[in-house]
Amino acid sequence: MSKAAKAINAESALEGDEPSPGDEIEGQREIGDAELKAIAEAMIFVADEPVSAKTIADVIKVARETIDKVLVDLVGEYDARNSGLQLREIAAGWQIATRPEHHEQIRAYLKSRPSAKLSLASLETLAVIAYKQPVTVPEILEIRGVQSPSAIKTLLDKRLIVAKGRKETVGRPMMYGTSKEFLIQFGLKDLSELPSIEDFQDLAGGSGGE
């Protein structure tokens, strides 16, 4: 069952009968640590992107500090049972991800499935932008030695890069940098955790079209 289906099932259960006068109102009752932990984990699991502690706290209607403690406990629980999954802080939010020591096997599995992958040209362009940002198209050309207009369009379409304003120089060319989606796709907390060039190349499905 997909995450979306699981979330819909949960939502359907909550939307069943109208609460009777004696029922407790969600958000107004005392919630124990174990239940808070379960709710936070479920929210992170069904989310399409990393969920911030503030968002979880706002939804459950508890203090941010309480959720911070719950998340630290959850991280410890995943580590203690040597789970194949881990709870990681990524792009200013929290996400359930596979452990690095299993990446080789997970990558082999994902490569066995048909998927839309970036071309080598797009990956090279993305690497230049990631490490040199904010950077303009002429600067990318100078580094790569070839034009990159279609690669830029591909990266914009996939929301891996965003415009960062114009450079105050002749022609005022547009500058580009990586996006939040880039952090999510690469599993990075922030740009200080940028992977090596080899990690970019691992995503290439070949040197096909951009």
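How many aromatic pairs does the count come to? I looked this up in what is a predicted model, and the count comes to 1 aromatic pair. The rings of Phe182 and Phe186 have centres 4.8 Å apart and planes at 40 degrees, so I noted the pair as tilted. Both residues belong to helix 9 (residues 180-186), where they are 4 residues apart and thus separated by about one helical turn. I then checked their surroundings: Phe182 is buried with a relative accessible area of 0%, and Phe186 is buried as well, with a value of 18%.

Next I turned to helix 4. This helix covers residues 64-80, which makes 17 residues, and it reaches 24 Å from its first C-alpha to its last, close to the 24 Å expected at 1.5 Å a residue. I listed its buried residues as Ile67, Val70, Leu71, Leu74 and Tyr78. Viewed down the axis of helix 4, these buried residues fall within an arc of 100 degrees, so they line one face of the helix. Following their contacts, I found that they pack against helix 2 (33-46), helix 3 (53-60), strand 1 (85-90) and strand 2 (93-98). On the face turned away from the buried side I found the exposed residues Glu65, Val72 and Ala80.

I also looked at what comes after helix 4. The charged end of Arg81 sits over the ring of Tyr78, 4.5 Å from the ring's centre, and Asn82, which follows the helix, has a positive phi, near 50 degrees.

My last entry concerns salt bridges, for which the count comes to 12; I followed up three examples.

Within helix 4, Asp68 forms a salt bridge with Arg64, with the closest N and O atoms 3.1 Å apart, and the two residues are 4 residues apart, about one turn of the helix. Asp68 is partly exposed at 31% relative accessibility, as is Arg64 at 41%.

Arg99 forms a salt bridge with Asp79, the closest N and O atoms being 2.8 Å apart. This pair links distant parts of the chain, 20 residues apart, with Arg99 in the loop between strand 2 and helix 5 (103-111) and Asp79 in helix 4. Arg99 is buried, at a relative accessible area of 10%, whereas Asp79 is partly exposed at 41%.

Lys189 and Glu89 meet through their side chains in a salt bridge at 3.6 Å, N to O. Here I found Lys189 in the loop between helix 9 and helix 10 (197-202) and Glu89 in strand 1, 100 residues apart. Lys189 is partly exposed at 38%, and Glu89 is partly exposed at 32%.

Methods. Residues numbered from 1 in each chain as written. Predicted model: local features only at pLDDT ≥ 70, side-chain atom pairs only at ≥ 80, totals over all residues. Heavy atoms only, no water. Expected span 1.5 Å × (residues − 1). Buried < 20%, exposed > 50% of the residue type's maximum accessible area, 1.4 Å probe, protein only. Arc of directions from axis to C-beta. Contact = heavy atoms within 4.5 Å. Phe/Tyr/Trp six-rings, centres within 6.5 Å; stacked < 30°, edge-to-face > 60°. Lys NZ or Arg CZ within 6 Å of the ring centre and 35° of its normal. Salt bridge = Lys/Arg side-chain N within 4 Å of Asp/Glu carboxyl O.
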